[in-house]
Amino acid sequence: MSKSQRLVSKRFDQIGELYSGATPSTAKSEYWEGDIVWITPNDLSRLRTPFLESSQKMLTAKGLRSCSAYILPAGSVVISSRAPIGYLAVSKVDYCTNQGCKSILLKEGYDSLYIYYNILHNIDKVKRIGEGTTFAEISKSALANIEFDYIVNTKAQSKIAEILSTVDKAIEQTEAIITKQQRIKTGLMQDLLTKGIDENGNIRSEETHEFKDSPLGRIPVEWEANPFQKIATYQNGKAFPSKYYSTSGVPLVRPGNLHADGFVRWDDSHTTYLPKGFWNKNEKYQVFSEEILMNLTAQSLEDNFLGRVCLTPDKNRCLLNQRIARVTPVECDKYYLFWILQGPHFRNHVDSIPQGSKVQHLYNDNLDSALLLTPTSRKEQVSIADILDEQSRNIRNSCNSLFKLQSLKTALMQDLLTGDVPVTNLLDEQSTI
């Protein structure tokens, strides 16, 4: 191994000095709303980058003097030591913390961002020590004795930190793009599924187009508020005996397979299979490609789980669980139906259904009583669906890019922080620039 890649094993208390935090009395207003950054685990949990620049609550100098908290300089590394363990940051400002955090004031020869990534890569080791207690917490002395491997060469440390932080910036930018795209999609759904678009492709408004009254409010004269059963039918699935569940065969679509992005997904944690022979014996419950499925049962109303609709994947076949309904269009474009069932009026209808237990259900009368807005023009239905499909594809493409960046970061951390891949060549290239 080259000199730049030489690894040494050291404890936390060998790479820097550890500090705990404290909380002043919350009953004394003169201790609060000052100009001293005071970090809690909640502040760390909100970060989307490695860097810390502010806090929700600020201390006054009097508040700091009243407790045993310390001011740490910018460049120190802070880690949450309880509730929960493992949130991490490099501070860009001087700060102190409450007792739920520990800080490391690094000795000379250690790049703070490199240490951040090294701890992040080994965070499970830190968590395991804290989870051994009744209340998950890691003490200052326990943290001090945790050993990691560190690259000795400070230029190599800085280069590794630079590489990883570049990927982190790309991840941050991609997440911002996804957030913006999702806002655009939400706005488009609100407008397109209540006002529609005219023959010129413009969203209608009452200033420029004729509207009328309906049970769902003002709508374009070209639209109707139709009962659910006029534009679609639905069929509940079957309660297949759990004794036949297996890890291979024909997939059984269940609520956990219906994802928030509008697609059925077959990940290991939520996928159950039935023996292949069940397929031919249950033709009524066979589901094929691009069918609309709706979740009829949920433990809570969070994230629109009750009434969530998804499309089955291309070249898909599965069997229908009793907690899922197949929704089939009658007098409506299939893809417009898919979107209108995610729109504001149907969501409001689902959310307004009284529920008498912890488990929420959609019953036949719940669906029959729903009103759905539909343009009388099939062409307009298709145009609306096309616009929303395109925006949804943009989000999926960005999510795929985010996944690739996150995978790249994981691979780079493994390669660079363990010394498996040398940074010697990168350092040589840098020296010639």
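This tour passes from the whole chain to several of its salt bridges, in a predicted model.

**Whole protein.** Begin with the entire protein displayed as a cartoon, where 14 helices and 24 strands can be found. The radius of gyration is 28 Å, well over the 22 Å that the globule rule gives for 433 residues, so the protein is more spread out than a compact globule. Its C-alpha trace spans about 75 × 60 × 55 Å along the principal axes. Buried residues account for 44% of the 433 residues.

**Charged side chains.** Next, select the charged side chains: 50 are positive and 50 are negative, and the centres of the two sets lie 6 Å apart. Across the whole structure there are 13 salt bridges.

**Arg 82 and Glu 137.** Select this pair, whose closest N and O atoms are 3.4 Å apart in a salt bridge. Arg 82 belongs to the loop between β6 (77-81) and β7 (85-91), and Glu 137 to the loop between α5 (123-130) and α6 (140-144), so the pair ties together parts that are 55 residues apart in sequence. Arg 82 is partly exposed, at 24% relative accessible area, and Glu 137 is also partly exposed, at 27%.

**Arg 204 and Glu 222.** Move now to the salt bridge between Glu 222 and Arg 204, with an N to O distance of 3.6 Å. Glu 222 sits in the loop between β12 (219-220) and β13 (223-227), while Arg 204 sits in the loop between α7 (154-192) and β11 (211-212). Is Arg 204 buried or exposed? Arg 204 is buried, with a relative accessible area of 5%, whereas Glu 222 is partly exposed at 33%. Finally, add Glu 380 to the selection to show a network of salt bridges linking Arg 204, Glu 222 and Glu 380.

Note on methods:
Residues are numbered from 1 along each chain as its sequence is written. This is a predicted model: local features need pLDDT of at least 70, side-chain atom pairs count only at pLDDT 80 or more; totals for chains, interfaces and linings use all residues. Side-chain values use heavy atoms; hydrogens and water are left out. Helices (H or I, at least four residues) and strands (E, at least two) are DSSP runs, numbered from the N terminus. The radius of gyration is taken over C-alpha atoms; the globule rule is 2.2 Å times the number of residues to the power 0.38. Buried means under 20% relative accessible area, exposed over 50%, partly exposed in between (1.4 Å probe, protein chains only). Lys and Arg count as positive and Asp and Glu as negative; His and the chain ends are not counted. The place of a charge is taken as NZ of Lys, CZ of Arg, CG of Asp or CD of Glu. A salt bridge is a side-chain nitrogen of Lys or Arg within 4 Å of a carboxyl oxygen of Asp or Glu.
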